[in-house]
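User: I'd like to go through this structure with you and ask how each label is earned. Could you take me through it?

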Amino acid sequence: MCGIIAYTGGEDAAPVLFEGLKRLEYRGYDSAGIVTINDSGEFELKKQVGKVQDIHNELNLLDLSGSIGIAHTRWATHGGVTQKNAHPHVSNNSEIAVIHNGIVENYKELKALLVSKGFHFESETDTEVIPNLVEYWMDSKHLNFIDATMKTLQSLEGNFAVVLIDRDTRTIIGAKNGSPLVLGVGERKKNELFLASDIPAFLERTKNVVYLYDGDMVVFETDPSSKKRSYQIFDFRGRTERPIIRPIQSVSWNLSHATKGDFDHFMLKEIAEQVETIQKAAAQDPEHIQNITQSIRNAKGVFLVASGSSYHACLSAGYLFAKLASFHINTVIASEFSQYESFLKPETLVIAVSQSGETIDVLDAVKTAKEKGCQIVSIVNVVGSSLTQISHKTLLLNSGPEISVLSTKTYTAQLAVLSLLAYSLAGRYEEGVQKLKFLWNIVYNLTAATTRNKIKELATRLATHDHIFVLGRGPLYATALEAALKIKEVSYIHAEAFAGGELKHGPIAMVKKGTPCIIFVSRDTVKTILSNAMEVKSRGGYIIGIGPEPIESFDFFIKVPESNSLNPICDIIPIQILAYQLALILGHDPDKPRNLAKSVTVR
Ligand code: M6R
């Protein structure tokens, strides 16, 4: 969803902001813009609909002058995809500019108030109320920029990350409430500061990060005589008047994590990285795992809560917890979690799983659970994300940044961590660790060029079809759901998953000559799933088998060696590659599927 980058330093701001915008592209967006303050103290603003590079080709974003500025990629929520609705937005008196991620839920009332005071609006966005409210408070109550911004932030309802810049004082203010915003502190010599929706936006220039919390308002000021730039963090809800001290942490990611390297796309790079990332996810601190295992044992009712691919990982884990540890877990889609509110007690444990740690549905579910006194464990990839901040305990996936919109390496990392928990709960933790180590070789072969080329052949055959069906049983039903999601997201071919046993209850009506049907086979499910394969085959379906052994009824076979409880981790990889190949054949950008955003921060 929307991306934010702000800069103040000794260099020209435009190239820094332009690079930052490019690194934010993966979040999903439809328009972008930059505003700087030039040496004469004037705003220089350019914004347009389209891709960052195309906007630059049309408007030359690099000729904006000045060493301070803010920039934005917009994913439309309020108001269409138009130049006027693109950010930054400027106050009526042209003194304050703003960029914003999230939704101002009470913007209609705020807009009505401002209109009654004579303000006019250029756009259809909710965002435009923000700079105008600041102007209103500065003028009507003679507040300075900082106090007027604080008052404005207090009046906004909803989740947001917002950055404002004041032309007169050359001050930047960023604030966070439920949407992501991190502070980057440049090397001492460079004396530069950044704000961004996520770290890769400024990773090239600094690894020193301050994770901001909800309610934080950070102010960047420049001493007029020494030109030294400094920041202070306040609680904009006014709970403490004194500045808040937050630690500066050094991130272990480097630029190679946030660039494509030798790969054509992040998606392919991240699929290939699974050789390492599954192992990194499995390398958890045993004591921490034991501690969380104990919380699971002690709990009266355990929920696994997540959205999208993360939900599929939970669904898969539910089978594993049952099979290995005879332990029942309630797996719930995050946006549906409120329906279960009456079951939430202080003894309930909620395990929230999220790559980004910023998915609003997951955050909402966790907040509901916390209000009921539940304990929260999160499984997250992004360090310092909102979810980690509101959890009692966190397990990190350690996958490095996932830039492609599609979850690939973090999905298998989630499965690895959840599998460790299941093994631990069964009192077989070491066995789980060993079994995960053993996957290295399988994943290496699955991501190698030979397998990729074979899957390319399959993609060529499937690319002309309008529908693809996917079948699995047990944990591989969850894999089938994830496989269908991967195919849909990036190829836009309709793909639908069924539990094998459900086929005869309706879906088989859609099978006709040539209908492609992907079937996940494991030792446990081979008998039953193969009878489903035969049902499809006898109606003319084209069967793609994924599993340990080729079977006569398969028209196409991809070998994935049997790894028992861990089959879901390896079995999804060929389909990740298939989805990638389909996107290429159909002329889609695998890293930026239409309409999708990397982290979904609006309801
Ligand atoms: O960051 P999260 O894991 O919470 O994201 C959840 C979903 O939005 C995400 O998995 C989505 O379904 C991806 N596009 C899947 O490829």
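Analyst: Happy to; we can go from domains to sheet to open and closed spaces, keeping in mind that this is a predicted model.

User: Where do the domain bounds come from, and what are they?
Analyst: They come from an automatic or database domain assignment, which gives domain 1 (3-257), domain 2 (260-444) and domain 3 (448-592). The centres of domain 1 and domain 2, taken over C-alpha atoms, are 32 Å apart.

User: What makes residues of domain 1 and domain 2 count as being in contact, and how many are there?
Analyst: The test is heavy atoms within 4.5 Å. By that test, 14 residues of domain 1 touch 14 residues of domain 2.

User: Why are strand 3 and strand 14 said to stand at the edges?
Analyst: Eight strands make up an open sheet, in the order 3-2-4-1-10-9-11-14, with antiparallel pairing. Strand 3 (43-49) and strand 14 (249-250) each have a single partner strand, so one side of each has no neighbour in the sheet.

User: How do you know that strand 1 and strand 10 pair?
Analyst: Pairing takes at least two bridges. Strand 1 (residues 3-8) and strand 10 (residues 193-196) share four bridges in the antiparallel sense, so the requirement is met. Within this pair, isoleucine 5 has alanine 196 of strand 10 as its bridge partner.

User: Which helices lie across these strands?
Analyst: Helix 1 (residues 13-24) lies across strand 1, strand 2 (31-37), strand 4 (68-74) and strand 10, at about 160° to strand 1. Helix 2 (residues 52-59) lies across strand 2, strand 3 and strand 4, at about 125° to strand 3.

User: What makes one space a cavity and another a pocket?
Analyst: A 1.4 Å probe fits in a cavity but cannot get out, whereas a pocket is open. The search finds four cavities of 30 Å³ or more, and the largest cavity has a volume of about 290 Å³. Its lining has 26 residues, with Tyr26, Ser197, Asp198, Ser356 and Val382 closest to the centre. Domain 1 and domain 2 each give at least three residues to the lining of the largest cavity.

User: And what lines the largest pocket?
Analyst: The largest pocket holds about 570 Å³ of space. Its lining has 28 residues, and Ser307, Gly308, Ser309, Glu489 and Val600 lie nearest the centre. Helix 9 gives the largest share of that lining, five residues.

User: How does the lining of the largest pocket divide by residue type?
Analyst: The lining of the largest pocket has 13 nonpolar, 12 polar and three charged residues; Gly counts as polar here.

Definitions and conventions
Residues numbered from 1 in each chain as written. Predicted model: local features only at pLDDT ≥ 70, side-chain atom pairs only at ≥ 80, totals over all residues. Heavy atoms only, no water. 1 Å grid on protein atoms, 1.4 Å probe; cavity = no way out; pocket = protein on both sides within 12 Å on 5 of 7 lines; lining within 4 Å. Points joined across faces, edges and corners; volume = space filled by probe spheres on them. Helix = DSSP H or I, 4+ residues; strand = E, 2+ residues; numbered from the N terminus. Axes fitted to C-alpha atoms, helices over the stretch in contact; angles between N-to-C directions.
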